[in-house]
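Student: Hey, I've just opened this one and I'm new to it. Can you walk me through it?

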Amino acid sequence: MSPPPPAAPSNLAGDIETLGYVNSMVEAFRAFDADDDGLINRDELKGIMASLGNSASASEVAEMMKQGDADGDGFLSLEEFLELNTAELELGDLAGLLQTAAAAWDDDDDEGEVTAAELYQLLLGGATMQDCVDIISSLDVDGDGAADVEDIKIIAQAFLD
Ligand SMILES: [Ca+2]
Ligand SMILES: [Ca+2]
Ligand SMILES: [Ca+2]
């Protein structure tokens, strides 16, 4: 009997750290969206950037808003915000894995949260169980051991080429 092939070819630790940072952007966006309409105005954007440790001047914020506001409604949606802020980030192999997972959920919209074990099954050996535990914990805001499927879809979308 020969040993089984290694399940995961890549080291995802750095990618997972980036994922955690991206998730903190999602959380900051929601925290500063006081009226919960899914849109951020200039003042709110300034607050978000400060909370992420990137203080921006009023003119820098205005410039970011202009760059990021793809549909020109004067606000940033979460998708626009992530597009703007992830342009210089790389998720490496993890981006493809998340996109695989996100595609699998397209037909299964009643699934609100995903656990590490569920993600591991879905990725069919593309990541180790430990990677999946780390991925979910980097996205698990309330610490109940599961991550929001909608958030994963939004993040995966932001890293589509
Ligand atoms: Ca708002
Ligand atoms: Ca917009
Ligand atoms: Ca959770």
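Student: Which side chain meets Arg 30 in a salt bridge?
Tutor: Asp 151 does, with an N to O distance of 3.0 Å. Keep in mind that this is a predicted model.

Student: Where do those two sit along the chain, Arg 30 and Asp 151?
Tutor: Arg 30 is in helix H1, residues 13–32, while Asp 151 is in helix H8, residues 149–158. They are 121 residues apart in sequence, so the pair ties together distant stretches of the chain.

Student: Is Asp 151 buried or exposed? And what about Arg 30?
Tutor: Asp 151 is buried, at 7% relative accessibility. Arg 30 is partly exposed, with a relative accessible area of 39%.

Student: How many salt bridges does the count come to?
Tutor: Two. The other one I'd show you joins the side chains of Lys 66 and Glu 63, at 3.9 Å from N to O.

Student: Which helix holds Lys 66 and Glu 63?
Tutor: Both lie in helix H3, residues 58–68. They are three residues apart, which is about one turn of the helix. Lys 66 is exposed at 63%, and Glu 63 is partly exposed at 37%.

Student: Why do side chains like that pair up in general?
Tutor: Side chains with opposite charges can pair when their charged atoms come close.

Student: OK, new topic, the calcium ions. What coordinates the calcium ion (ligand 1)?
Tutor: Its protein donors are Asp 33 (OD), Asp 35 (OD), Asp 37 (OD) and Leu 39 (O), lying 2.2 to 2.4 Å from the ion. Along the sequence, the donor residues are spaced D-x1-D-x1-D-x1-L.

Student: How exposed are Asp 35 and Leu 39?
Tutor: Asp 35 is exposed, with a relative accessible area of 53%. Leu 39 is partly exposed, at 23%.

Student: And which residues coordinate the calcium ion (ligand 2)?
Tutor: Those are Asp 69 (OD), Asp 71 (OD), Asp 73 (OD), Phe 75 (O) and Glu 80, which appears twice through OE atoms. The distances run from 2.3 to 2.7 Å. The donor spacing in sequence is D-x1-D-x1-D-x1-F-x4-E.

Student: What about the angles at the calcium ion (ligand 2)?
Tutor: They run from 51 to 156 degrees among the six donor atoms, and the site is irregular.

Student: Are the donors there buried or exposed, say Asp 71 and Phe 75?
Tutor: Asp 71 is exposed, at 53% relative accessible area. Phe 75 is partly exposed, at 33%.

Student: What holds the calcium ion (ligand 3)?
Tutor: Asp 140 (OD), Asp 142 (OD), Asp 144 (OD) and Ala 146 (O) coordinate it, at 2.3 Å. The spacing of these donor residues reads D-x1-D-x1-D-x1-A. Asp 140 is buried, with a relative accessible area of 13%, whereas Asp 142 counts as exposed at 56%.

Student: What does UniProt list for "domain: EF-hand"?
Tutor: An unreviewed UniProt entry lists residues 20–55 and 56–91 under that label. In the model, residues 20–55 are 64% helix and 6% strand, and their end C-alpha atoms lie 20 Å apart. Residues 56–91 are 56% helix and 6% strand, with the end C-alpha atoms 25 Å apart.

Student: Switching again: which residues have a positive phi without being glycine?
Tutor: Asp 36 is one, with phi near 60 degrees. Leu 124 is another, with phi near 50 degrees.

Student: Where are Asp 36 and Leu 124 found?
Tutor: Asp 36 is in the loop between H1 and strand S1, residues 39–40. Leu 124 is in the loop between helix H6, residues 116–123, and H7. Asp 36 is exposed at 66%, and Leu 124 is exposed too, at 76%.

Student: Last thing: which residues make the nonpolar surface patch of about 220 Å²?
Tutor: Tyr 120, Met 129 and Val 133 make that patch. Val 133 lies in helix H7, residues 129–139, and counts as partly exposed at 34% relative accessibility.

Definitions and conventions:
Residues numbered from 1 in each chain as written. Chains lettered and ligands numbered in written order. Predicted model: local features only at pLDDT ≥ 70, side-chain atom pairs only at ≥ 80, totals over all residues. Heavy atoms only, no water. Donors = N, O, S within 2.8 Å, 3.2 Å for Na, K, Ca; no water. Tetrahedral: all angles 85-135°; square planar, octahedral: opposite > 155°, others 65-115°. Buried < 20%, exposed > 50% of the residue type's maximum accessible area, 1.4 Å probe, protein only. Salt bridge = Lys/Arg side-chain N within 4 Å of Asp/Glu carboxyl O. Helix = DSSP H or I, 4+ residues; strand = E, 2+ residues; numbered from the N terminus. Patch = residues over 30% accessible without salt bridge, like charges linked within 9 Å, V, L, I, M, F, W, Y side chains within 5 Å. Areas by Shrake-Rupley, 256 points an atom, 1.4 Å probe, with all protein chains shown as cover. UniProt positions renumbered as here; feature names shortened; annotations may be inferred.
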